[in-house]
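Q: Could you take me on a close look at how the helices pack in this structure? I'd also enjoy hearing about the ligand's surroundings.

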Amino acid sequence: MKLHPATEEHLQEIMTVDREAFPTPWSKKLWMKEISRTERAYYVAIEGQKVIGFGGGLLAGDDFHITTIAVRASNLSKGVATLIMVKLLEDAVKLGATNLTLEVRIGNLPAQALYRKFGMVPAGIRPSYYQPDNEDALIMWANDIHEQPYMKLLESIKQSQKAKEVLSS
Ligand SMILES: CC(C)(COP(=O)(O)OP(=O)(O)OC[C@H]1O[C@@H](n2cnc3c(N)ncnc32)[C@H](O)[C@@H]1OP(=O)(O)O)[C@@H](O)C(=O)NCCC(=O)NCCS
């Protein structure tokens, strides 16, 4: 599995994964805009020739905001999202971010577990944020992602992911 910056050539497959993962996937226009603008980082995970996941976000002031992340149902729980998150965090720091934030459905416990692994903690609720079902959003944050303790956390996540890959090969 390799990570690659998302480009127009990946769009069809990205949109297939997006439709599979979310009730309100992004339009082609929005995807085009996001992957072509500055102060953003969008990656695809590719296995063989196929896109099996994607993730990305944008810099807003000092904060890197993860806007989307998803992995194909057939490739879940293999560490794909973990590797995408590591890459996004590395890019976020290069872009000058000092904090990480995102919104996640209050009932999306697997995603919240992923974000907690990356040191994110709940910081508030946006009521009825998600449509069409009015589900609340949980706002999560991690601070000081450019500082040494956070870099150490990222390194330990990378090492344990490598160890899991060795054990499963
Ligand atoms: C959330 C999502 C991206 C995780 O992708 P993934 O590649 O399966 O995640 P990973 O294998 O890297 O797992 C990372 C961590 O997430 C958590 N996690 C993943 N799947 C989980 C599950 N089914 N239940 C509980 N925790 C889970 C665990 O903490 C895991 O760490 P661990 O393996 O060290 O225990 C994936 O479930 C997905 O695409 N969901 C649909 C789209 C979505 O909800 N995106 C998030 C929007 S905010």
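A: Happy to: here is a walk through two helix pairs, followed by the ligand site. Please keep in mind that this is a predicted model.

Let's begin with helix 3, residues 80-95, and helix 4, residues 109-117, whose axes lie 11 Å apart at an angle of about 45 degrees. Because of that angle, helix 3 is oblique to helix 4. The crossing of helix 3 with helix 4 is right-handed. On the helix 3 side, A81, T82 and M85 make the contact, and they meet L114, Y115 and K117 of helix 4. Sorted by class, this contact of helix 3 with helix 4 holds four nonpolar residues, one polar and one charged.

Now for the other pair. Helix 1 (residues 11-21) and helix 2 (residues 28-36) cross at roughly 120 degrees, and their axes come within 11 Å. Helix 1 and helix 2 also make a right-handed crossing. Helix 1 brings L11, Q12, I14, M15 and D18 to the contact, while helix 2 offers K28, W31, M32 and I35. Six nonpolar, one polar and two charged residues make up this contact of helix 1 with helix 2.

Finally, the ligand. There are 22 residues around it, of which I69, S77, G79, T82 and N108 come nearest. T82 is a residue we have already met, in the contact of helix 3 with helix 4. From the backbone of I69, an N or O atom sits 2.8 Å from a nitrogen atom of the ligand. A polar backbone atom of K78 is 3.3 Å from a ligand oxygen atom. K164 takes part through its side chain, with a polar atom 3.0 Å from an oxygen atom of the ligand.

Note on methods:
Residues are numbered from 1 along each chain as its sequence is written. This is a predicted model: local features need pLDDT of at least 70, side-chain atom pairs count only at pLDDT 80 or more; totals for chains, interfaces and linings use all residues. Side-chain values use heavy atoms; hydrogens and water are left out. Axes are lines fitted to C-alpha atoms, for helices over the stretch in contact, and angles run from 0 to 180 degrees between N-to-C directions. Helices (H or I, at least four residues) and strands (E, at least two) are DSSP runs, numbered from the N terminus. Angles under 35 degrees count as roughly parallel, over 145 as roughly antiparallel, 65 to 115 as roughly perpendicular and the rest as oblique. A crossing is left-handed if the near helix is turned anticlockwise from the far one by less than a right angle, and right-handed if clockwise. Contact means heavy atoms within 4.5 Å. Ala, Val, Leu, Ile, Met, Phe, Trp, Tyr, Cys and Pro count as nonpolar, Asp, Glu, Lys and Arg as charged, and the others, Gly among them, as polar. A residue is near a molecule or strand if one of its heavy atoms lies within 4 Å of it. A polar contact is a pair of N or O atoms within 3.5 Å; within protein, one must be able to donate a hydrogen and the other to accept it, and residues adjacent in sequence count only if both atoms are side-chain atoms.
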